Amino acid sequence: MKHSAQKIGLFAGVLFMFFAANAFAAETQSWRPTYDFVMRWVNFAIMAFLFFKFAWGPLTRWLRGQGDEVAAQIKDMEEKKQAILEKMAETKEQIQKRSQYLEELMARTTENAKMEKEQIVEQAKAEGALMIQLAKERADYQITAARKQFRAELIDEAVELASQKLPGIISSDDESQIQTDYLEKALQ
């Protein structure tokens with residue numbers, strides 16, 4: 001209460017000095033401009049007093065209510081924002097886990113594919129080596145068969161040639177010598 005009276009007194013003093021300065025500065029002898037000026041400030045002071053007396057409390061309560069409402073809305077928005085950020089973090093974590101799972105799956109699939117490729121290559125090499133071996137054996141068999149056939153044909157040709165030429169070249173003494181040599185070799 002003491003501070004309010006001091007403030008009102010100070011305010012009244014400042015107003016009086018302001019009005020008095022304006023009243024002394026008037027160039028005319030008429031009191032009406034000064035009166036209008038003073039009354040304007042008195043009316044302003046009365047309006048300010050009434051405003052502070054009757055409207056200030058409800059206005060401040062309304063402003064506080066609005067401020068509390070805005071603060072509640074801000075708090076609600078912050079909570080929603082926090083919930084959204086948490087959900088985003090969860091989603092990001094799930095995406096990261098799925099990404100990691102896909103990378104692991106890709107690595108396993110790649111490793112399995114490499115192993116299958118190596119098995120297929122090894123199997124192909126083994127089959128190729130077996131085919132080469134079989135081809136060599138067939139070629140060796142054909143070469144051996146061709147040699148036998150060639151020898152047989154050569155022997156047949158030699159016998160035929162010998163049978164044509166020998167009767168005129170070999171005599172009966174030569175024939176008996178051949179038979180004797182053959183029997184001696186056979187008996188040994």
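The following questions and answers introduce a predicted model of a single chain.

In this predicted model, local features need pLDDT of at least 70 and side-chain atom pairs count only at pLDDT 80 or more, while totals for chains, interfaces and linings use all residues. Residues are numbered from 1 along each chain as its sequence is written, and side-chain values use heavy atoms, with hydrogens and water left out.

Student: Which pattern does the chain follow when read along the sequence?

Tutor: Helices (H or I, at least four residues) and strands (E, at least two) are DSSP runs, numbered from the N terminus. The chain has three helices and zero strands. Read along the sequence, the pattern is therefore α-α-α.

Student: What share of the residues in the chain is buried?

Tutor: A residue is called buried under 20% relative accessible area, exposed over 50%, and partly exposed in between, using a 1.4 Å probe and protein chains only. The chain has 188 residues, and the buried share of them is 3%.

Student: How many salt bridges does a search of the whole structure find?

Tutor: A salt bridge is a side-chain nitrogen of Lys or Arg within 4 Å of a carboxyl oxygen of Asp or Glu. One of these pairs is D36 with R32, at 3.3 Å from N to O, and another is D76 with K80, whose closest N and O atoms are 3.6 Å apart. For the whole structure, the search finds three.

Student: Where do D36 and R32 lie?

Tutor: D36 counts as partly exposed because its relative accessibility is 32%, and R32 is likewise partly exposed, at 43%. The two residues are four apart, about one turn of the helix, and both lie in helix α2.

Student: Is K97, which meets E93 in a salt bridge, buried or exposed?

Tutor: The side chains of E93 and K97 meet at 3.4 Å, N to O, and the residues are separated by about one helical turn because they are four residues apart in helix α2. E93 has a relative accessible area of 43% and so is partly exposed. K97 has a relative accessible area of 53%, which means that K97 is exposed.

Student: What is the area of the nonpolar surface patch that includes F49?

Tutor: Patches are made of residues with over 30% relative accessible area and no salt bridge, with like charges joined within 9 Å and nonpolar side chains (Val, Leu, Ile, Met, Phe, Trp, Tyr) within 5 Å. F49 is found in helix α2, residues 32–169. Together with V42, I46, M47, L50 and F54, F49 makes a patch of about 600 Å².

How values were computed: Accessible areas come from the Shrake-Rupley method with a 1.4 Å probe; for residues, only the protein chains shown count as cover.
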